[in-house]
Amino acid sequence: MEDEGTRGVRGTSADRVPGPAVPPPPSGPPRQPWSGQPAPGRAPAGGPGGPRSAPGEPPADPGASWGGQPSGGQPSPGRAPAGEPGAPQFGQPSAWTSPLPPPGPPPARPASPPPPVEQPLAGATPLDAWLRTPRPPQAPGVWRFGFTPRPAEQGEEVSDRSLLVGAVITLLSALLLWSLWRNGYLPYRLVPLKLFTPGEWWNPGTSGGPRTIEGSDALTVYEALLFGLLAYGCGRIGNFSELFRRHVVRRGQPFLALAAAVAAGLTQLLVWKETLPVVRPVLVLVAAVAGGEIYQSQTVVNVIYGLIAAAVLYPFARLGRWRDLLAARRGRGTATPAPGGDTPAPATATSADQWPELRAAGWTDAAETLTAEVRTGRMNDVDVARLRHAWTQATRSPDRLAPLAEAVLRTGGAAALHPSGDRDLPRRTARHDVLTGQVRIGRCAEDPHNPYARRSTGIALDPTLLGTSLLAVGPPGSGKSARLVRPVVEALGLRALAGQAAVLAVGGAGAPLGPDEAFDVVVRVGNPASAHDLDLYGGTSDPDEAAAVLAEGLVGDVGSLDSRRAATVLAQLLGPYRTAHGHFPSVPELRELLDGAPAALTALRATLEAAGHQAMLRELEARTRQAGGPGDPAPALADRVALLDRPAFAGFFATGPEARPFALRSLGQYPLRVRVDLPERGHAEASRLLTRLLLAQFTAITAARTDTTLFVGLVLDDATHAVTSETVRGIRRLRSVNAGAVLTLRTVDDVPEPLHTPLLGAVGCTAAFSGITTWDGKRFAEAWGKEWVETREVAQHTVFADQPFTRALHALRKLVTGKAVTTDAVTVRQVEKERWSASELAYAVPAGHAVIRLATVEGEHAPPLLVELGG
């Protein structure tokens with residue numbers, strides 16, 4: 001513990017960083033307003049990072065350490081921005097989870113009024129509504145926030161020409177039929193009515209008319225019923241509802257309301273002119289029920305006329321949606337749901353914004369405090385996710401529940417803060433749902449390759465998908481960094497602030513991985529102003545483990561060299577050196593040892609002999625005997641180490657007592673956000689070597705950790721020449737240890753050809769961006785496999801009629817449908833076809849799109865989908 005809190009700090013300003021303390025209760029805890037779902041390109045309300053402690057002041061989290069347990073110690077000094085001297089270092093034995101004295105009674109909440117809450121952004125969702133928005137379980141990769149299923153697929157639409165001609169012909173036919181009825185040209189038209197009415201009402205014969213007033217009234221009602229059936233049948237056969245939906249409803253308001261008003265006025269005119277049989281049948285029915293004397297009152301007659309007019313007007317008011325239009329004009333209309341169905345559910349006692357898990361456990365005061373924080377806008381989405389995770393962790397250790405509840409009563413949404421004090425990222429460029437850990441990267445395009453149910457739905461990534469690792473291939477400028485890598489880094493950074501993940505982002509200097517303020521540690525290799533160094537040995541003290549990982553990073557891409565022999569050579573040097581000096585050699589010292597410099601070997605031998613380390617002497621002697629033999633990997637190792645032994649890297653990769661490099665092993669222990677900037681310009685080979693080394697260290701460290709609570713993610717913005725056979729095997733093991741890697745390549749040929757198939761098989765998620773070559777497309781097509789599809793082959797044969805009447809019918813049918821009369825010979829069969837062919841991937845993927853195949857750690861998978869990035 002003698003180096004606690006100082007590992008990873010360069011320079012003389014490295015001070016101890018004690019763990020969070022329990023200071024006196026603040027008079028007014030710093031709060032940040034919440035402005036709803038952050039819009040892309042703008043930091044949410046609450047500011048970047050939330051409250052930060054100034055030097056000499058207590059930290060912003062006065063009540064709880066990470067996971068809800070307070071820590072002892074002194075107040076922490078202020079945190080310097082990442083990349084400056086004095087920045088806190090993570091990766092040491094933690095003071096965050098040290099045992100505590102029993103907490104005292106919670107202090108009273110401050111009586112001062114809360115700071116004014118910032119108004120939500122235009123179109124933003126308030127936090128309480130955001131919490132209540134449903135997130136139903138869906139297939140892998142579906143954006144769950146406010147998900148609304150797509151309507152059922154409809155058949156092929158009838159053309160506008162056919163629809164209009166069919167409606168006109170149906171209307172004319174109905175008018176002709178009604179005219180024939182009214183003029184008595186249809187025989188037996190009164191037979192059904194005479195069967196159900198007394199015979200003395202009618203004249204003799206099947207065509208005899210009414211004899212009495214009762215018969216005349218019955219005929220009036222009978223005709224009205226037949227007219228209604230005729231109108232209904234005409235509407236169904238002529239498909240007037242589709243015509244109205246396509247040409248009136250689609251135009252929206254106010255055209256819809258105006259069209260309905262015109263139709264209502266025309267109908268009213270026809271009704272009161274008695275062209276349409278409505279008024280007289282109603283009067284007859286009212287008289288039959290209430291008696292004819294009811295019409296002696298003019299008031300009753302006016303009421304009946306008003307009801308008839310209202311009844312005729314009501315359907316048109318519904319069709320034209322007049323009520324909604326009037327309410328919108330008066331400003332009383334309900335808000336239009338956001339696209340995608342982001343409509344919050346009503347608040348209930350068990351809704352998420354009421355914190356039901358705390359109430360169920362008996363911590364009603366804490367639940368009420370957090371509910372008030374949500375309603376007053378003093379929390380953001382990261383606070384909610386962080387406190388939920390802290391509560392989940394605390395329930396596994398009951399002694400943490402009381403300190404966490406006390407911290408909530410003291411500081412509200414600022415309880416259980418991330419050790420950095422940040423409550424949000426400085427800036428978000430994508431849409432995140434922190435509760436589910438999803439980040440939206442686009443939407444499925446309206447393309448026949450995509451299943452109908454997935455078209456226009458959002459596509460999102462989350463740890464269950466990233467746990468299978470992701471490989472993205474696309475040329476420069478295709479959007480890999482800005483539209484995939486940056487959102488993933490942001491999502492993992494947000495989960496780190498919530499205590500659920502750790503992230504290591506590796507890219508060239510200037511890569512769009514996020515600002516320095518969004519990371520806890522920023523390592524700028526080759527930059528003298530960098531506040532952090534890099535540990536080439538990954539923070540391990542085992543020479544064999546360090547040698548295996550270092551050999552993979554140095555010569556893992558050399559196909560003619562066995563990395564196991566290279567690891568043996570390094571172990572024969574690292575073990576004796578660490579035994580003699582207490583630390584591993586620096587880069588210049590390691591280069592001298594690999595070159596077999598007599599002075600370096602003699603000094604190391606003398607030190608070992610003086611200390612009496614016979615076992616290490618035998619290791620060193622074995623290395624001396626094997627030096628210079630056939631197939632000795634030491635020269636190749638020395639050449640690769642020489643890439644790091646350059647003036648630009650002077651002072652980096654130090655290992656002496658004064659060195660404090662950042663150890664990658666810390667990622668598996670703490671929710672860190674780490675970024676490594678590599679010097680690609682002028683030192684491309686050294687950058688590739690370091691990328692390969694970091695990937696090897698990551699796979700080895702994550703596989704060896706015992707506590708897999710934290711999701712650990714590695715993001716390589718450019719994995720060119722970084723993949724080796726051993727790292728492919730390591731990537732395959734990541735899904736079982738709650739870790740994942742995101743690798744981007746310009747082309748699959750950036751990986752050795754023997755590793756093409758193993759790499760595509762090792763990752764569960766793959767993405768082919770627009771602009772890839774047919775050679776790359778062929779590999780993706782083979783990896784995605786084939787599917788059984790149903791093909792229909794239709795052969796059309798024109799029908800030639802011999803009879804004049806038949807030719808007339810065919811001409812009428814052609815006029816209605818616009819097509820000649822044909823007979824179809826249909827052949828249906830099942831064939832196996834590639835989901836995406838190499839040519840389609842190379843030439844049919846539009847710019848700004850990618851074909852993405854997703855799979856979860858549980859084994860669920862989605863077919864390759866064409867995704868509009870950023871949609």
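This is a short tour of a predicted model, with a selection to make at each stop.

**Stop 1: a surface patch**

Select Leu164, Val168, Leu171, Leu172 and Leu175. Together these residues make up a nonpolar patch on the surface, and their combined accessible area is about 460 Å². Keep Leu171 highlighted: this residue belongs to helix H2, which spans residues 160-182. Is Leu171 buried, partly exposed or exposed? With a relative accessible area of 39%, Leu171 is partly exposed, because the partly exposed class runs between the 20% limit for buried and the 50% limit for exposed.

**Stop 2: the largest pocket**

Leu171 also leads to the next selection. Add Ala231, Phe240, Thr267 and Phe316; with Leu171, these are the residues nearest the centre of the largest pocket, out of 36 that line it. The volume of this pocket is about 1,600 Å³. To see which parts of the chain surround the pocket, colour H2, helix H4 (213-238), helix H5 (240-247), helix H6 (255-272) and helix H8 (298-320); each of these elements gives two or more residues to the lining. Which of them gives the most? That is H6, with 8 residues.

Now colour the lining of the largest pocket by residue class. The split is 29 nonpolar, 6 polar and 1 charged.

**Stop 3: a cis peptide bond**

Go to the loop between H5 and H6, where Pro254 is found. Display the backbone from Gln253 to Pro254 and check omega: the peptide bond is cis, with omega near 5°. Most peptide bonds are trans.

**Stop 4: two residues with positive phi**

The last two selections concern phi. Most residues other than glycine have a negative value.

Select Ala416 in the loop between helix H13 (401-411) and strand E1 (431-433). Ala416 is not a glycine, yet its phi is positive, at about 55°. Is Ala416 buried or exposed? Its relative accessibility is 1%, so Ala416 counts as buried, the limit being under 20%.

Then move to Phe653, in the loop between helix H21 (634-642) and strand E8 (661-662). Here phi is about 60°, again positive in a residue that is not a glycine. Turn on the surface to check Phe653 for exposure: this residue is buried, with a relative accessible area of 2%.

Definitions and conventions. Residues numbered from 1 in each chain as written. Predicted model: local features only at pLDDT ≥ 70, side-chain atom pairs only at ≥ 80, totals over all residues. Heavy atoms only, no water. Patch = residues over 30% accessible without salt bridge, like charges linked within 9 Å, V, L, I, M, F, W, Y side chains within 5 Å. Areas by Shrake-Rupley, 256 points an atom, 1.4 Å probe, with all protein chains shown as cover. Salt bridge = Lys/Arg side-chain N within 4 Å of Asp/Glu carboxyl O. Helix = DSSP H or I, 4+ residues; strand = E, 2+ residues; numbered from the N terminus. Buried < 20%, exposed > 50% of the residue type's maximum accessible area, 1.4 Å probe, protein only. 1 Å grid on protein atoms, 1.4 Å probe; cavity = no way out; pocket = protein on both sides within 12 Å on 5 of 7 lines; lining within 4 Å. Points joined across faces, edges and corners; volume = space filled by probe spheres on them. Nonpolar A, V, L, I, M, F, W, Y, C, P; charged D, E, K, R; others polar.
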